[in-house]
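Student: I'm new to this structure and would like a close look at a single part of it. Could you pick one spot and walk me through it slowly?

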Amino acid sequence: MLRVLPTLLLLVLTIYALVECIQTEPSRQRNLPKALWLLLILVLPLIGPIAWFLAGRPGPAGRGRGTNRPPYPRGPDDDPDFLRNL
């Protein structure tokens, strides 16, 4: 059983990375296009998924470059035109 465990873990890691890469919107992926990420994950079984998790997939919501923030203005009190008309 201990011989099969590393192979099984590698298979699960690769499948998880593939599914996550396929489901991620291309505009949110980092560093490479989706086709290259898929190729990298499939061709390099251990390095590819690890590279995807570290450098390819989008970060958690609310952190990073602000791509998940609502567009300005967020409310009437933040809108300069609204405040000018008061």
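**A salt bridge and its surroundings**

Tutor: Let's start with the whole chain: 17% of its 86 residues count as buried. Keep in mind that this is a predicted model. The chain has 4 helices and 0 strands, so reading from the N terminus you meet α-α-α-α, by the DSSP runs used here. Its exposed surface comes to about 6,900 Å², and carbon and sulfur atoms supply 66% of that.

Now for the part I'd like to zoom in on. How many salt bridges does a search of the whole structure find? The search turns up 1 salt bridge. Glutamate 20 and arginine 57 are the partners, and their closest N and O atoms are 3.2 Å apart. What does the pair link? Distant parts of the chain: glutamate 20 sits in helix α1 (residues 4-23), while arginine 57 belongs to the loop between α3 (47-56) and α4 (80-84), 37 residues apart.

Are the two partners buried or exposed? Let's take them one by one. Glutamate 20 has a relative accessible area of 18%, and because buried means under 20%, glutamate 20 counts as buried. Arginine 57 has a relative accessible area of 30%, which makes arginine 57 partly exposed.

Links between distant parts turn up in the chain's contacts too. Take the contacts between residues at least 6 apart in sequence: 48% of them join residues at least 24 apart.

Next, have a look at threonine 24, in the loop between α1 and α2 (34-43). Threonine 24 is buried, with a relative accessible area of 10%. What does threonine 24 touch? Leaving aside residues up to four places away in sequence, the answer is Gln29, Lys34, Trp52 and Pro58.

Trp52 also shows up where α2 and α3 meet, so let's follow it there, with contact meaning heavy atoms within 4.5 Å. On the α2 side you'll find Trp37, Leu40 and Ile41, and on the α3 side Gly48, Pro49, Ala51, Trp52, Ala55 and Gly56. By class, this contact has 7 nonpolar and 2 polar residues, with no charged ones.

How do you describe such a pair? Two packed helices are described by the angle between their axes and the distance between the axes. For α2 and α3, the angle is about 145 degrees and the axes are 7 Å apart.

Definitions and conventions:
Residues numbered from 1 in each chain as written. Predicted model: local features only at pLDDT ≥ 70, side-chain atom pairs only at ≥ 80, totals over all residues. Heavy atoms only, no water. Helix = DSSP H or I, 4+ residues; strand = E, 2+ residues; numbered from the N terminus. Buried < 20%, exposed > 50% of the residue type's maximum accessible area, 1.4 Å probe, protein only. Areas by Shrake-Rupley, 256 points an atom, 1.4 Å probe, with all protein chains shown as cover. Salt bridge = Lys/Arg side-chain N within 4 Å of Asp/Glu carboxyl O. Axes fitted to C-alpha atoms, helices over the stretch in contact; angles between N-to-C directions. Nonpolar A, V, L, I, M, F, W, Y, C, P; charged D, E, K, R; others polar.
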